[in-house]
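Trainee: I'm new to this model and would like a close look at one part of it. Could you walk me through that part slowly?

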Amino acid sequence: VNEAYDLYSEMDARGIFPNVITYSTLIYGFCLAGQLMEAFGLLNEMILKNVNPGVNTYTILIDALCKEGKVKEAKNLLAVMTKEGVKPDVVTYNTLMDGYCLVGEVQNAKQMFHSMVQTGVNPSVHSYSIMINGLCKSKRVDEAMNLLREMPHKNMVPNTVTYSSLIDGLCKSGRITSALDLMKEMHHRGQPPNVVTYTSLLDGLCKNQNL
């Protein structure tokens with residue numbers, strides 16, 4: 001990333017003006033390297049140079065903040081981008097929802113999910129998977145099941161990740177029969193179980209040997 005920044009400095013010196021893609025790429029690089037101060041420095045620099053950050057630029061930074069557990073700061077950045085007239089997309093909302101779930105604030109993730117719908121952004125299968133996983137980890141398995149049942153009404157097909165999260169949640173709450181029924185449903189819908197699915201079921205069966 002430091003070599004990339006040197007190249008950016010060279011193009012600037014040659015009078016080749018960086019655009020939003022140039023800045024977003026560098027910001028992403030600094031975020032990957034855990035250098036958030038430098039990433040935000042570039043954001044400020046692009047604004048000073050009248051290069052408008054796009055939804056991708058803001059989402060990269062929101063994701064980096066969430067990965068460091070700084071969800072409050074990420075939410076503040078969402079407010080900034082909205083104020084600047086940049087509309088968050090489904091990836092932005094998914095990133096924040098995932099961030100809230102990572103720090104155990106599933107209720108805030110749920111509010112973000114509803115905000116997304118209210119602003120006219122359609123949730124994706126990944127959006128539902130994030131919420132289902134977060135709810136299961138918070139032992140709110142029935143709410144997670146309700147979300148799964150909602151998906152077909154939105155013309156969405158739950159994928160292996162969606163089912164596996166719920167199967168794991170059911171197993172951890174001792175509802176092995178329901179988990180096995182859900183696995184049958186997976187097969188019926190053409191979603192192949194993976195190693196995570198089987199591991200959750202094996203663990204659940206071993207801990208409930210009376211079955």
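Trainee: Which helices do the buried residues of H11 pack against?

Mentor: Happily! The model is a predicted one, where local features need pLDDT of at least 70, side-chain atom pairs count only at pLDDT 80 or more, and totals for chains, interfaces and linings use all residues. Residues are numbered from 1 along each chain as its sequence is written, and side-chain values use heavy atoms, leaving out hydrogens and water.

The buried residues of H11 pack against helix H9 (141-150), H10 and helix H12 (195-207), where contact means heavy atoms within 4.5 Å. Helices here are DSSP runs (H or I, at least four residues), numbered from the N terminus. Those buried residues are Ile-176, Ala-179, Leu-182, Met-183, Glu-185 and Met-186. Glu-185 counts as charged, yet Glu-185 is on that buried list.

Now follow H11 from end to end. Its 13 residues, 176-188, should span 18 Å at 1.5 Å a residue, and the end C-alpha atoms are 18 Å apart, which agrees; the expected span is 1.5 Å times one less than the number of residues. Just after H11, Gly-190 takes a positive phi of about 75°. On the other side, Gly-174 sits in the loop between H10 and H11. Gly-174 counts as partly exposed because its relative accessibility is 39% (buried is under 20%, exposed over 50%, partly exposed in between, with a 1.4 Å probe and protein chains only). Gly-174 also comes within 7.0 Å of Gly-204, C-alpha to C-alpha, although 30 residues separate the two in sequence.

H10, a packing partner of H11, leads on to the largest pocket: five residues of the lining come from H10, the largest share. Helix H8 (125-137) and H10 (160-172) are the elements giving two or more residues to that lining. Among the lining residues are Asn-133, Lys-137, Ser-164, Asp-168 and Lys-172, as well as Val-196. (On a 1 Å grid, a pocket is an open set of points where a 1.4 Å probe fits, with protein on both sides within 12 Å along at least five of seven lines; lining residues have an atom within 4 Å of a point.)

H8 has one more link to show you. Tyr-128 in H8 pairs with Phe-113 in helix H7 (residues 106-118), 15 residues apart. Their ring centres are 5.2 Å apart and the planes meet at 75°, so the pair is edge-to-face (centres within 6.5 Å, planes over 60 degrees apart). Both partners are buried: Phe-113 at 5% relative accessibility, Tyr-128 at 1%.

Notes
Rings of Phe, Tyr and Trp (its six-membered ring) pair if their centres lie within 6.5 Å; planes under 30 degrees apart count as stacked, over 60 as edge-to-face and the rest as tilted.
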